[in-house]
Amino acid sequence: MEGDDCNFPPDLSDDHSQRGSVASSATLSRAQDVLVYMFGDGAVHLSVEGLGSISVQELGRSVREALNIPDSVLDAFAFWLCSPLLELQLKARHQPYKLSRQWQDLLYRFTEASEEEISQDEPFLQYRRNVFYPKPKELQIEDEGVLRLLYEEARSNILTGRYPCDPEHWMSLGALSLAVDEGTTLESQQLTAAVREKKLSSFLPAHVLMGSGGLFSTLRGKSSRHAGLEQKLLEEYRKISTSAASPVEPTQLLRQYLKTCHALPYYGCAFFFGEIDKPAQGILQRGKRKAVSVGICLDGVYVMDVKEKHVLLGLRFSELSWDHSYPDEEGEPHILWLEFDGEEDGTPVNKLLKIYSKQAELMSGFIEFCVELKPASEGGAAAEADGEASPSRPAAGEQAGGARNGRGGRRGMLQRQGSVVCSRVDALNTISYVDTGKEIKRLKPKRAASFFARQASGPTYSAVQVAESLEQG
């Protein structure tokens, strides 16, 4: 797919911002130093002429040449403008310098950051995975340098908890990382020394090492917990080293790491930030919200608990309807609406989840683009989905018999399960109603109007029509 197709709003590069005016053409026409960062410790140092007007497409040629990236995988990566407050994948026609000059305007538009935070925030240019690059094509890559770039990004997302995963996954991935760093032929003493030198935080997620139970519980149990985790990591490493008759090639280890990550449905997602309503547990808790990250990729939408590092809701595009609404008055939130099938006291119902976020417009546009793009890549993606489904996680919306339908019947209910990858619908505060095909039956709470017409399954999608006033349950 072309780099010009992405989630960045189409009009931003043409905005005439007061902060978007570039420096004098005389200054920017001279060669300027540019750093393009990768995940890990890597960066490409370029000397660029005409920095003020150079496009992503032009800059990409220099970066690919510096990294020796083959033409066959040039669409595996994209340029991102990033900071702790906002991450945006750029289009081929975007001019990074001009957009960086407009960064404060983008933060005001798409984040809830304070004026002080915005004034101190500075973006950096990063070369990383293209959200729209199909996962099956990754496993066909032979170039070790390209695989290592993808591996470093996936590893960072695992260690920071951006990709929630179960113990068997993060321990296996940690052992693979150890094998990538140190090889597969270390003796026990060498292995222990290598782990202690680099520390467990180089191999296992930070929230796993921190544990739970509060500060004092963490301090008391830190030593014994780390010793147990270290022992399990070494055991998992030995399985890798003893399973091969000869030393394993680095490309095999890198590809195995990526393949393991592919079992996580949100691998390769673009991530957005928002909040959802907490379920009411008493008068004092009404109105409280939970911070979430929303991952969107070619496969679907995934809402994750930022604090607990687990999935709250995962939906394929065939299982949802969506829309976003702008605030009617200043101070009211932007909202992304997600509708899906659920159950209320044994009755099949439609559920509506509200995600409060100034990035709702970005998320809605991103979903729409993925839905339109999906049919073009369905062949390879469908084959891969059949082969990579995790045994502990049936695909959301699938019944035991595999039936999936639209108006003609119900999809299987989403259920709360033990795995962090599975949806936890019981932890969501949603609006519930019943669509009989003729009218919307009121369920608690009562409401006065239809939100939207149920979409038919297939490539045609209809946006949610949000009523002017909603009663939240």
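# Notebook: aromatic rings, helices and a few buried residues

**Entry 1, the aromatic cluster.** I began with the rings and found that Tyr-163, Tyr-266, Tyr-267, Phe-271 and Tyr-302 form one aromatic cluster. For pairing, rings of Phe, Tyr and Trp (its six-membered ring) need centres within 6.5 Å; planes under 30 degrees apart are stacked, over 60 edge-to-face, and the rest tilted. A note to self before going on: this is a predicted model, where local features need pLDDT of at least 70 and side-chain atom pairs count only at pLDDT 80 or more, while totals for chains, interfaces and linings use all residues. Residues are numbered from 1 along each chain as its sequence is written, and side-chain values use heavy atoms, with hydrogens and water left out.

**Entry 2, the pairs.** How many aromatic pairs does the structure hold? I find eleven. I looked up Tyr-163 with Tyr-266, a tilted pair with 6.2 Å from centre to centre and 45 degrees between the planes. Tyr-163 sits in the loop between α7 (144-159) and α8 (167-182), and Tyr-266 in the loop between α12 (250-262) and β6 (270-277), so this pair ties together parts 103 residues apart in sequence. Helices here are DSSP runs (H or I, at least four residues), as are strands (E, at least two), and both are numbered from the N terminus. Both Tyr-163 and Tyr-266 are buried. By buried I mean under 20% relative accessible area, by exposed over 50%, and by partly exposed anything in between (1.4 Å probe, protein chains only).

Next I turned to Phe-272 and Phe-366, an edge-to-face pair at 5.7 Å centre to centre with 75 degrees between the planes. Phe-272 belongs to strand β6 and Phe-366 to helix α13 (residues 360-373), so the pair ties together parts 94 residues apart in sequence. Are these two buried or exposed? Phe-272 is buried with a relative accessible area of 2%, and Phe-366 is buried at 1%.

**Entry 3, charges over rings.** I also checked for charges above ring faces (NZ of Lys or CZ of Arg within 6 Å of the ring centre and within 35 degrees of the ring normal). Arg-128 lies over the face of Trp-80, 4.0 Å from the ring centre. Arg-289 does so over Tyr-356, at 3.6 Å from the ring centre.

**Entry 4, strand β6 again.** Ile-276 is in strand β6 and is buried, with a relative accessible area of 0%. I listed its contacts (heavy atoms within 4.5 Å). Leaving aside neighbours within four places in sequence, Ile-276 is in contact with ten residues I could tick off, including Arg-289, Leu-353, Tyr-356 and Leu-428. Its C-alpha atom is 9.7 Å from that of Asp-305, which is 29 residues apart from Ile-276 along the chain.

**Entry 5, helix α4.** Which residues of α4 (residues 103-110) are buried? They are Trp-103, Leu-106, Leu-107 and Phe-110. Down the axis of α4, these buried residues fall within an arc of 100 degrees, so they line one face of the helix. The arc is taken from the directions from the helix axis to the C-beta atoms. Among the elements they pack against are β3 (77-82), α5 (115-120) and α13.

**Entry 6, helices α8 and α9.** The axes of α8 and α9 (residues 188-198) come within 12 Å and cross at roughly 100 degrees. That makes α8 roughly perpendicular to α9. Axes are lines fitted to C-alpha atoms, for helices over the stretch in contact, with angles from 0 to 180 degrees between N-to-C directions. Under 35 degrees counts as roughly parallel, over 145 as roughly antiparallel, 65 to 115 as roughly perpendicular and the rest as oblique. Where they meet, α8 brings Leu-178, Asp-181 and Glu-182, and α9 brings Leu-191, Ala-194, Val-195 and Lys-198.

In α9, I noted Leu-191, Thr-192, Ala-194 and Val-195 as buried. Their arc of 160 degrees, seen down the axis, puts them along one face of α9. The face turned away carries the exposed residues Gln-189, Arg-196 and Glu-197. Just after α9, Lys-199 takes a positive phi of about 75 degrees.

**Entry 7, the whole chain.** I closed with totals: the protein chain has 14 helices and 14 strands, and buried residues make up 48% of its 473 residues.
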